[in-house]
Amino acid sequence: MTSSPRRGRVTSMDHDQAHRWLATAVAEARAGLAEGGIPIGAALYGPDGTVLGRGHNRRVQDGDPSAHAETDAFRAAGRQRSYRGTTMVTTLSPCWYCSGLVRQFAIGRVVVGEAETFHGGHDWLAAHGVEIVVLDDAECVALMRDFIAARPALWNEDIGA
């Protein structure tokens, strides 16, 4: 069964819980920005609501083009027996690379802070049975808009433009 993206509302998870989890990702995005990087943050939550891993885009800091926020959080979570029932929370719609990670490891839900400044692969994930919750968070939008305005060349490098 597939699900369609839920824009601005929460489906099977509590609205307050989604925003609490997003706060973890936003803190990571802000940490990445403070380090001179791209302000995208993520966290992987277990089925019981525990944080398994958190991270931020580290492409600039590490000189690693694969160090996206979602992959950083995934790596921080370490090896799990299964990723079913987990939730990836990210400040920005996941790119195709990170969408592939979600699909490859059967992560069941993605909470997206915003998809206004970048519309990644979350529709594709929804078409493949991943529950998508798009929060349309104003703080996430402002964070990315400000960054894109200040550092357009770095942003274009990050998204492969």
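Why is α3 largely enclosed by the rest of the structure? In this predicted model, α3 is largely enclosed because 7 of its 9 residues are buried. The legends below begin with this helix and then turn to other parts of the model.

**View 1. The helix α3 and the elements around its buried residues.** The buried residues of α3 are A69, E70, T71, D72, A73, F74 and A77. These buried residues pack against β2 (41-45), β3 (51-56), β4 and α4. The helix is followed by G78, a residue with a positive phi near 75 degrees.

**View 2. The packing of α3 with α4.** The axes of the two helices are 9 Å apart and meet at an angle of about 35 degrees. On the side of α3 the contact is made by E70, T71, F74 and R75, while α4 contributes Y97, C98 and L101. Sorted by class, the residues of this contact are 4 nonpolar, 1 polar and 2 charged. Of the α3 residues named here, E70, T71 and F74 are also listed among the buried residues of that helix.

**View 3. The largest pocket and its lining.** The space in the largest pocket comes to about 190 Å³. Its lining is made up of 15 residues, and those that lie nearest the centre of the pocket are H68, C95, F118, D158 and I159. Two or more lining residues come from each of the elements α3 (69-77), α4 (96-104) and α7 (152-158). By class, the lining holds 10 nonpolar, 3 polar and 2 charged residues.

**View 4. Aromatic pairs, with F74 and Y83 as one example.** The model has 6 aromatic pairs. In one of them, the ring centres of F74 and Y83 are 5.0 Å apart and the planes stand at 35 degrees to each other, an arrangement that is tilted. F74 is buried, because its relative accessibility is 12%, and Y83 is likewise counted as buried, at a relative accessible area of 9%. Ring pairs join F74, Y83 and F105 into a cluster.

**View 5. The ring pair of W96 and W124.** The centres of these two rings lie 5.8 Å apart and their planes stand at 65 degrees, so the pair is edge-to-face. Because W96 belongs to helix α4 and W124 to helix α5 (residues 122-127), the pair ties together parts that are 28 residues apart in sequence. W96 counts as exposed, with a relative accessibility of 58%, whereas W124 is partly exposed, with a relative accessible area of 31%.

**View 6. Two loop residues, A106 and D136, with positive phi.** A106 has a phi near 55 degrees, which is a positive value in a residue other than glycine. This residue is placed in the loop between α4 and β5 (109-112), and A106 is partly exposed, its relative accessible area being 24%. D136, which is not a glycine either, has a positive phi of about 50 degrees. The loop that holds D136 runs between β6 (131-134) and α6 (138-150), and D136 is partly exposed, with a relative accessible area of 37%.

**View 7. The buried loop residue T91 and its contacts.** T91 is found in the loop between β4 (87-90) and α4. At a relative accessibility of 3%, T91 counts as buried. When residues up to four places away in sequence are not counted, T91 touches L22, A25, V26, A29, P39, I40, G41, G113, E114 and C140.

**View 8. The loop residue I38 and its surroundings.** I38 lies in the loop between α1 (15-34) and β2, and I38 counts as buried, with a relative accessibility of 0%. Leaving aside its neighbours within four places in sequence, I38 is in contact with N57, R59, F147, L154, W155 and D158. One of these contact residues, D158, is also among the residues that lie nearest the centre of the largest pocket. From C-alpha to C-alpha, I38 and S82 are 30 Å apart in space, and the two residues are 44 residues apart in sequence.

Notes:
Residues numbered from 1 in each chain as written. Predicted model: local features only at pLDDT ≥ 70, side-chain atom pairs only at ≥ 80, totals over all residues. Heavy atoms only, no water. 1 Å grid on protein atoms, 1.4 Å probe; cavity = no way out; pocket = protein on both sides within 12 Å on 5 of 7 lines; lining within 4 Å. Points joined across faces, edges and corners; volume = space filled by probe spheres on them. Helix = DSSP H or I, 4+ residues; strand = E, 2+ residues; numbered from the N terminus. Nonpolar A, V, L, I, M, F, W, Y, C, P; charged D, E, K, R; others polar. Phe/Tyr/Trp six-rings, centres within 6.5 Å; stacked < 30°, edge-to-face > 60°. Buried < 20%, exposed > 50% of the residue type's maximum accessible area, 1.4 Å probe, protein only. Axes fitted to C-alpha atoms, helices over the stretch in contact; angles between N-to-C directions. Contact = heavy atoms within 4.5 Å.
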